[in-house]
Amino acid sequence: MTSHDNVQAASTLDAALADLDLVDRLRLVEELGGRAVFTTSLGIEDQVITAAIGLSNVAIHVATLETGRLFKETLELIAETEQRFDVTITRYYPAQDEIDAYAAQYGLNGFYESVEARHACCHVRKLVPLAKALEGATVWVTGLRRSQSGNRAATPFAEYDAERNLIKVNPLADWSLDDINAYVEVEAVPINPLHAKGYPSIGCEPCTRAIKPGEPERAGRWWWENDEKRECGLHVPEAALPSLNSSSL
């Protein structure tokens, strides 16, 4: 298929997903054929998708990026979730030599010093493992929601990811946090205890803080940066981030 064909296919899928409930959205992904991969950060919305995959037994692979800097609560939740929903969550890790190269150039916690250094860390610990997780995938399922941040307000149900040459599906795009919480209660979904301590969005421990009253959901991520649209690069084209190449790591 040409790039134009892929964009058109994603647009058609986007329209088809709009009128379906979560399980039917996931079943439609399954019916597309090929390899579908859901990447979970074990956050509350991702737990909803994992629960729906497990309870409906759809053929979508579940993966997580074990960056080496996650909260212990997040790590403990992986095993609990696997047992609760009878799913396997495949872990993808950063390469130690790339971590060592990063630390040699920037320092282990150099991400606090500049946006470039922070993106370089995300590249090593998240983007490279993500590429491994998505090898051979034709569909990438994520937990993106429009209400998470202004940068995600236009999130479609499906879009063509030209950088990775696959269709990206966001089955919770139109869900509110109230919708998420209601599903969690009905299905008794295990969630990260940090959510109850003011962490609506949870990433690596050094880069995540609790939010203050009235702050957006993702205000606690990379809080020392001033850019309101700050992201790690998973859900924006890497070309839009500060220049990164292997020689700089």
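Let's start with the outline: the chain has 7 helices and 6 strands. Keep in mind that this is a predicted model. Along the sequence, the order runs α-α-β-α-β-α-β-α-α-β-β-β-α. So much for the parts list.

Now the whole chain. How much of it is buried? Of its 249 residues, 52% count as buried. The exposed surface comes to about 11600 Å². Carbon and sulfur atoms supply 51% of that area. Next, contacts. Take those in the chain with a separation of 6 or more. Residues 24 or more positions apart account for 69% of them.

One example of distant positions is leucine 134. Find it in the loop between helix H6 and strand E4, which is residues 139-141. Is leucine 134 buried or exposed? It counts as buried, because its relative accessibility is 7% and the cut-off for buried is under 20%. Now look for threonine 39. In sequence, leucine 134 and threonine 39 are 95 residues apart. In space, their C-alpha atoms are 8.8 Å apart. And what does leucine 134 touch? Leave aside its neighbours within four places in sequence. Its contacts are then Val37, Trp140, Arg164 and Leu166.

Hold on to Trp140 and Leu166. They come back with our next residue, aspartate 161. This one sits in strand E5, residues 158-161. Aspartate 161 is buried, with a relative accessible area of 10%. Again, skip the neighbours within four places in sequence. Aspartate 161 is then in contact with Trp140, Leu166 and Lys168.

The side chain of aspartate 161 has two more partners to show you. One is a backbone atom: the nitrogen of glutamate 163 lies 3.1 Å from a polar atom of that side chain. The other is a side chain: arginine 164 meets aspartate 161 in a salt bridge, at 3.0 Å from N to O. Arginine 164 is partly exposed, with a relative accessible area of 23%. So here a buried aspartate pairs with a partly exposed arginine.

That brings us to salt bridges in general. Side chains of opposite charge can pair when their charged atoms come close. How many salt bridges are there in the whole structure? The search finds 9. Here is another one: glutamate 82 with arginine 91. Their closest N and O atoms are 3.0 Å apart. Glutamate 82 counts as buried, because its relative accessibility is 18%. Arginine 91 is partly exposed, at 30%.

A further salt bridge joins arginine 209 and glutamate 215. In that pair the closest N and O atoms are 3.1 Å apart. Glutamate 215 counts as partly exposed, at 25% relative accessibility. There is also a network: salt bridges that share partners link Glu45, Arg145 and Glu217.

From charges to sulfur. A disulfide is a covalent bond between the sulfur atoms of two cysteines. How many disulfides does the search of the whole structure find? It finds 0. Look at cysteine 204. Its nearest cysteine sulfur is that of cysteine 207, 5.7 Å away. Turn to cysteine 207, and the nearest cysteine sulfur is that of cysteine 204. The pair is not a disulfide, because the sulfurs are 5.7 Å apart and the cut-off is within 2.5 Å. Are these cysteines buried or exposed? Cysteine 204 counts as buried, at 14% relative accessibility. Cysteine 207 counts as buried too, at 10%.

Last stop: helix H5, residues 96-106. Which of its residues are buried? They are Ile99, Tyr102 and Tyr106. These cover an arc of only 60 degrees around the axis, so they lie on the same side of H5. Now turn the helix around. The face away from the buried side carries the exposed residues Asp97 and Ala104. And what covers the buried residues? The cover includes helix H6, residues 115-133. Just after H5 comes glycine 107, with a positive phi of about 95 degrees.

Let me recap quickly. Helix H5 has its buried residues on one side and exposed residues on the face turned away. Aspartate 161 is buried and holds a salt bridge with arginine 164. Leucine 134 is buried in its loop. And cysteines 204 and 207 are in no disulfide. That's it from me.

Technical notes
Residues are numbered from 1 along each chain as its sequence is written. This is a predicted model: local features need pLDDT of at least 70, side-chain atom pairs count only at pLDDT 80 or more; totals for chains, interfaces and linings use all residues. Side-chain values use heavy atoms; hydrogens and water are left out. Buried means under 20% relative accessible area, exposed over 50%, partly exposed in between (1.4 Å probe, protein chains only). Helices (H or I, at least four residues) and strands (E, at least two) are DSSP runs, numbered from the N terminus. Contact means heavy atoms within 4.5 Å. Accessible areas come from the Shrake-Rupley method with a 1.4 Å probe; for residues, only the protein chains shown count as cover. A polar contact is a pair of N or O atoms within 3.5 Å; within protein, one must be able to donate a hydrogen and the other to accept it, and residues adjacent in sequence count only if both atoms are side-chain atoms. A salt bridge is a side-chain nitrogen of Lys or Arg within 4 Å of a carboxyl oxygen of Asp or Glu. The arc is that of the directions from the helix axis to the C-beta atoms.
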